[in-house]
Amino acid sequence: MSESTTAVAPLHAEQAVLAAAVQRGEPEWLLERRAEAARAFAALPLPTPALRPWRYTDVTRLDLAAFVPADTPIAIEGGADGDAPDGDAYVGTLSGALEGRRALVAERLGALVPATEGKFIAANAALWSGGALVHAPAGHAFDEPIIVTVDAGELADAAVHPRLLIEAGEQSELTVVLRTRSGDAPLLAAGVVEIDVAQAARVRLLIDDRWGAATRDFTTIRARLGRDADLRVASLAIGGAILKQTVEVVLEGEGANSSIRAVALGDGDQHFDFVTLQDHVGPRSISDVEVKAALAGASRSIYYGITRVGEDAAGAEANQQNRNLLLSNSSKADSDPVLEILTADVIRCGHAATVGPVDQDALFYLQSRGLDRRTALQLLVSGFFQSVARDLAVEGMADDLERTVFAKLARAVL
């Protein structure tokens, strides 16, 4: 990373942010929020390792001014017609929703992730362009997954700011796949995903990260669940130089259910850092977290997870698991699951973490059947990921993950 700088990049400055927003024809209320975000960006420092969620990912030497903000290329497929009248289902860009869905966007955008929370979040709030909105009104179920693709192509020394807003009305159902792609040139991605899940709604979100070799990704996902709401988030971390992903779920309603699954497959100097928060507010809420990493080369994985059970969350049930396979002598993993239980009335709250090499007996067994060591490791890692792959709600994604494991480990340093 390059030397730090205290100067605000010109394109992050309030005047430049507002000029770009005016050129896009954005409404006055959004201009005010852009200006607030630009001021927050200028005032906030980069996070330091003194902050527990950033203990193992040091960005204090990251020069944000070296990355020129660019329009975020976004494509949206599946779901409903983006021109549906207000009140009906909507799948389309956030910028396209500023007219017909102005009230919804004005009320919900930034409600879960305020711009003033951090440097990368402020940059996103000031500079997102296009973005995506998925709105399922009460009782609506999308028949097919909605595919949101962020493809930075051959952008170099650029910063992109993906923004996704998901609004699920009562008893609605939807699946969203967020795909991220880029070339091998240096790129900075600062993403924000907000998910509001109303009573008895069901939302599935799959994040499929295939960034290029020099991309640094800092993404925040935050959700709020109503009574009997159900949310499943799955993340495939395959590409990128640094991927830091924060997934936070507030289980606000009684009987809310949350599941987080993540898979990281590392090689070279790749650096994966997962932070999760399951905040049980409502009674009889359930959360389950499973994060798995298989690490070759000198790659590294970090997991820091908090399960918090509030005083009023009687009957809560929570589980955290972090499993790490070290496929080389130079790979490394750190795991820190945390429980904060403020009530004695819980069903079960637990956590588990493991870091170590593959099972040598299993490896010997496969090699005794005629497989070479690399092929045996490919099979073992693919099986290791299957518990996560089975939860993926997208047809063909589990098979694609298996193919990815075999292809990446075929050339990995083991």
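These are my notebook entries on the overall form and the salt bridges of a predicted model.

**Entry 1: the chain as a whole.** I looked up the secondary structure first and recorded nine helices and 20 strands in the protein chain. I then checked the radius of gyration: it is 21 Å, which agrees with the value near 22 Å for a compact globule of 414 residues. Along the principal axes, the C-alpha atoms fill a box of roughly 70 × 50 × 40 Å.

**Entry 2: burial and contacts.** I noted that 55% of the 414 residues are buried. Of the contacts between residues at least 6 apart in sequence, 84% join residues at least 24 apart.

**Entry 3: charges.** I found 38 positive and 57 negative side chains, with the centres of the two sets 5 Å apart. The count of salt bridges comes to 29.

**Entry 4: three pairs.** I looked up Arg 52 and Asp 336, whose closest N and O atoms are 2.7 Å apart in a salt bridge. Arg 52 lies in the loop between α2 and β1 and Asp 336 in strand β19, so the pair ties together parts 284 residues apart in sequence. I next examined the salt bridge between Arg 163 and Glu 194, at 3.0 Å from N to O. This pair joins strand β7 to strand β9, and I recorded both residues as buried. Arg 308 forms a salt bridge with Glu 340, linking strand β17 to strand β19. Here I noted partly exposed residues, with relative accessibility of 27% for Arg 308 and 30% for Glu 340.

**Entry 5: a network.** I last recorded that Arg 181, Asp 208, Arg 210, Asp 400 and Arg 403 are linked in a network of salt bridges.

Definitions and conventions. Residues numbered from 1 in each chain as written. Predicted model: local features only at pLDDT ≥ 70, side-chain atom pairs only at ≥ 80, totals over all residues. Heavy atoms only, no water. Helix = DSSP H or I, 4+ residues; strand = E, 2+ residues; numbered from the N terminus. Rg over C-alpha atoms; globule rule 2.2 N^0.38 Å. Buried < 20%, exposed > 50% of the residue type's maximum accessible area, 1.4 Å probe, protein only. Contact = heavy atoms within 4.5 Å. Lys, Arg positive; Asp, Glu negative; His and termini not counted. Charge placed at Lys NZ, Arg CZ, Asp CG, Glu CD. Salt bridge = Lys/Arg side-chain N within 4 Å of Asp/Glu carboxyl O.
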